[in-house]
Amino acid sequence: KEIDARGGLVMPGFVSSHAHPVDAMLRGGIEVDRNLFDWFYNIYYGGLAAFTPEDCNMSIRLAMAEGIRGGITTFQDTWGINTGDDAARVDACAEASIEAYRSVGMRCIFSWMFNDRIPAAWDEYLKSIARKIPALKLDPATIVEDTDSVLARMEALMRRHHGSDGDRIHACPAPCLPNTCTEEALVGSLELAREFDTLVTIHVNEQMTDARMFSELWQISATEWMHNMGFLDPRVVAAHCVWLSDKDIRLFRMHDVKVAHNPTSNHFLGSGAAPIDKMVMAGITVGLGTDDVNLHSNVSIFSEMRRAALLQKVVRHDAGVITAEKVLEMATIDGARVLGLESEIGSLEVGKKADIIVLDTDAPHWFPRHHLPSVLVFQAHDEDVRTVLIDGRVVMEDRALHFLAGDEEQAFLARVQKATDRIVEDAGLQSARDRG
Ligand code: FE
């Protein structure tokens, strides 16, 4: 097949090195203005408690439709829904979610997120958070899984799916947070990652609160705790890392830990500015992530690139602290390095897989132009992406999505709205209108 890209810009597809597309259907004005743990309990797990396998599939397809329209060709999906005692439901939801990636043709690292402890010292704090939405039907016990059971089921899922669909689908473990995972969970996850030659991902010090809650309880930083148990490793992808000390950064560098930076989510939750400039200077590989769809409100690497650049300038009071070239690398080749896929994707080179996007460059915001990385980071939009190929297969051509062809896209979006209306009702969620 020949694609006429004359007058356009041909470049590697974008990599979202940390994302949670499954709860895309929980955005739209129920997720706003909440701090991390409020959102985590009252929106993420509270809302997902009402998801069926079909809802998971639909939500991910919604996020993929948007992501492909903005040129994203790889997602690292840190996927997790409440288990409680209903492991069969979670397994069915995982299968339906992976099926969504297959049907779209997306390249996906499906990372199974879980928690195997909630510190007893958090009881009062969590009770006060639960009171914010009295109608919410969340049983906090459903968030915690048995360590052995979750590791066994994760291994079974990895056996079924890792390397499947022409190697477009990978699977790996994702212990959620040092606060909510035991040493056994972390070490067991790393062992699985080694066995399957894949990565293991974890959220680290996303907010000052979660960093402080860890160090107050265990009298050590989460990073040192992971270092001491032997968890830090080149396979580890640490998401967020907003509140890292210089020593934490040194330990990450020592073990070649990779970092997924999610600046829009960090804005949305008021998390702060990750010291990306220090990490890059230390030689740590940093990719960009779109994080949770409802902590971004969009699925857009263009938005991440711009915010990554602007946020560093604001907090360092230095317009030259990070360059457009570096930010563009984070969105492409460095994102691929974070996921261990740099020999396959992230740049246009002979022998690499054809994850390629074509951008229109004739709109007013593309002029004038003297330095394309600067234009891409500061001027370009999602809507400029015209055609998208993943693994040599066309998934969008001239803005038409192949998996939602013709009238199907509008019909699909109507079904999404219907499903989310039902979920808000069933879960007892609250519109921003009623938040007080
Ligand atoms: Fe996340």
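Start with the enclosed spaces: a search of the whole structure finds two cavities of 30 Å³ or more. On a 1 Å grid over the protein atoms alone, a cavity is a set of points where a 1.4 Å probe fits but cannot get out, and lining residues have an atom within 4 Å of a point. Grid points are joined across faces, edges and corners, and a volume is the space filled by probe spheres set on the points.

This is a predicted model, in which local features need pLDDT of at least 70 and side-chain atom pairs count only at pLDDT 80 or more, while totals for chains, interfaces and linings use all residues. Residues are numbered from 1 along each chain as its sequence is written, and side-chain values use heavy atoms, with hydrogens and water left out.

**Stop 1: the largest cavity**

Select Leu-36, Trp-39, Phe-40, His-203 and Glu-206. Of the 16 residues that line the largest cavity, these lie nearest its centre. The volume of this cavity is about 150 Å³. Next, colour helix H1 (36-48) and strand E10 (291-292), the elements that give two or more residues to this lining. H1 supplies the largest share, five residues. Helices (H or I, at least four residues) and strands (E, at least two) are DSSP runs, numbered from the N terminus.

By class, the lining has 10 nonpolar, three polar and three charged residues. Ala, Val, Leu, Ile, Met, Phe, Trp, Tyr, Cys and Pro count as nonpolar, Asp, Glu, Lys and Arg as charged, and the others, Gly among them, as polar.

**Stop 2: the second largest cavity**

Select Arg-107, Cys-108, Ile-109, Asp-167, Arg-168, His-170, Leu-341 and Glu-344, which line the second largest cavity. About 40 Å³ of space lies inside. Strand E4 (residues 107-114) gives the most to this lining, three residues. The classes here are three nonpolar, one polar and four charged.

**Stop 3: strand E8**

Now select strand E8 (residues 258-261). Lys-258 and Ala-260 on one side, and Val-259 and His-261 on the other, are all buried (under 20% relative accessible area, 1.4 Å probe, protein chains only).

Add strand E7 (residues 236-240), which pairs with E8 in the parallel sense over three bridges; two strands pair if DSSP finds at least two bridges between them. Ala-238 has Val-259 in E8 as its bridge partner. Then show helix H10 (residues 246-254): E7, H10 and E8 make a right-handed β-α-β unit. Right-handed means that, with the strands pointing away from the viewer, the path from the first strand over the helix to the second runs clockwise.

Last, select strand E9 (residues 286-288), which runs parallel to E8 and is joined to E8 by three bridges. Here, His-261 has Leu-288 in E9 as its bridge partner.

How values were computed
1 Å grid on protein atoms, 1.4 Å probe; cavity = no way out; pocket = protein on both sides within 12 Å on 5 of 7 lines; lining within 4 Å. Buried < 20%, exposed > 50% of the residue type's maximum accessible area, 1.4 Å probe, protein only.
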